[in-house]
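New to this one? Have a look at the sequence and the 3D view first, then read on for a short tour.

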Amino acid sequence: MKNTIKIERAINNLTQEELATKVSVSRQTINAMEANKYVPSTVLALKIAKVFNKPLEQIFILEETD
Amino acid sequence: MSNKLLLPNSYKKMGWLLLIPATVLGIILIATQFEGLPLEATTFAIYNDEVIGHKQFFSFIHTNIINTVTGILFIVGGLLVSFSKEKTEDEFIANLRQSSLLWAVFVNYILLLAAFAFIYGTAFFNVMVYNMFTVLIIFIARFNYMLYRNAKLIPNEKYN
């Protein structure tokens with residue numbers, strides 16, 4: 001699964017730390033997701049979509065291998 | 001994500017305060033063939049059998065308790081360090097914790113298998129002594145390495 005967290009963060013002018021605080025996770029978690037090393041839980045994905053005020057599918061995108 | 005089996009973060013510090021002195025004591029004991037630090041005391045034993053002597057059940061015995069004390073300090077310290085929450089114990093950290101635990105048990109048994117196959121005689125007794133503590137040691141090392149690696153990967157630039 002791919003995601004556009006890094007791009008959305010730039011659009012919304014948020015640092016990893018600020019986004020992490022908004023969704024109550026560690027900065028490592030945001031970093032791991034941006035590096036495609038971690039697939040978030042549904043709850044966390046929904047929280048992130050809510051922060052960016054976009055539908056889930058615009059931020060998290062399935063890949064061929066999924 | 002909450003995990004009911006984990007202790008609050010403050011216990012981690014207490015764990016290190018027990019684990020570090022216990023490690024030092026353990027190294028001294030190993031270096032002195034478990035006889036370097038006599039600490040004679042009367043203690044309660046559910047079962048005791050001496051090399052030459054009789055078996056005792058539920059009795060008070062007089063013996064060197066330094067191994068007992070060191071082992072207990074090490075295990076309690078190791079458990080507190082292993083099973084206290086990180087400052088931000090979120091789902092990704094929980095994921096790292098779980099995979100490190102799996103890794104630790106696996107590596108521990110691979111090492112034990114190798115020891116079973118290739119170590120004989122009284123040296124195998126030492127293998128069993130170390131094996132009492134290796135799961136905790138390997139887990140703590142692996143988990144903290146994974147945390148360190150993920151912290152290090154974080155770039156300092158605002159938007160990277």
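Here is a quick walk through the core, the chain contact and the domains.

## The core

Keep in mind that this is a predicted model. A good place to start is its largest nonpolar core, which has 16 residues. The residues with the most contacts inside this core are A:Ile5, A:Val25, A:Ile30, A:Met33, B:Phe92, B:Leu96 and B:Phe139. Two or more residues each come from α3 (27-34) and α4 (42-52) of chain A, and from α3 (91-118) and α4 (123-152) of chain B. The top contributor is α3(B), with 4 residues. As a general point, nonpolar side chains in soluble globular proteins tend to be buried together.

For a close-up, try A:Val25. Leaving aside residues up to four places away in sequence, A:Val25 touches A:Ala20, A:Ile30 and A:Leu44, plus B:Thr88, B:Asp90 and B:Phe92 from chain B.

## Where the chains touch

Chain A brings 15 residues to the contact and chain B brings 12. On the chain A side, α1 (5-11) and α3 each supply at least two residues, and α3(A) has the largest share, with 5 residues. Sorted by class, that side has 6 nonpolar, 7 polar and 2 charged residues.

## Two domains in chain B

Chain B is assigned domain 1 (1-85) and domain 2 (90-160). Taken over C-alpha atoms, the centres of these two domains of chain B are 21 Å apart.

The contact between them takes 6 residues from domain 1 and 7 residues from domain 2. On the domain 1 side, expect 3 nonpolar and 3 polar residues, with no charged ones.

Methods
Residues are numbered from 1 along each chain as its sequence is written. Chains are lettered from A and ligands numbered from 1 in the order in which they are written. This is a predicted model: local features need pLDDT of at least 70, side-chain atom pairs count only at pLDDT 80 or more; totals for chains, interfaces and linings use all residues. A nonpolar core is a set of buried Ala, Val, Leu, Ile, Met, Phe, Trp, Tyr and Cys residues joined through C-beta atoms within 7 Å. A residue is buried if 20 or more other C-beta atoms lie within 10 Å of its own, exposed if 12 or fewer, and partly exposed in between; C-beta atoms are placed from the backbone. Two residues are in contact if their C-beta atoms, placed from the backbone, lie within 7 Å. Ala, Val, Leu, Ile, Met, Phe, Trp, Tyr, Cys and Pro count as nonpolar, Asp, Glu, Lys and Arg as charged, and the others, Gly among them, as polar. Domain bounds come from an automatic or database domain assignment.
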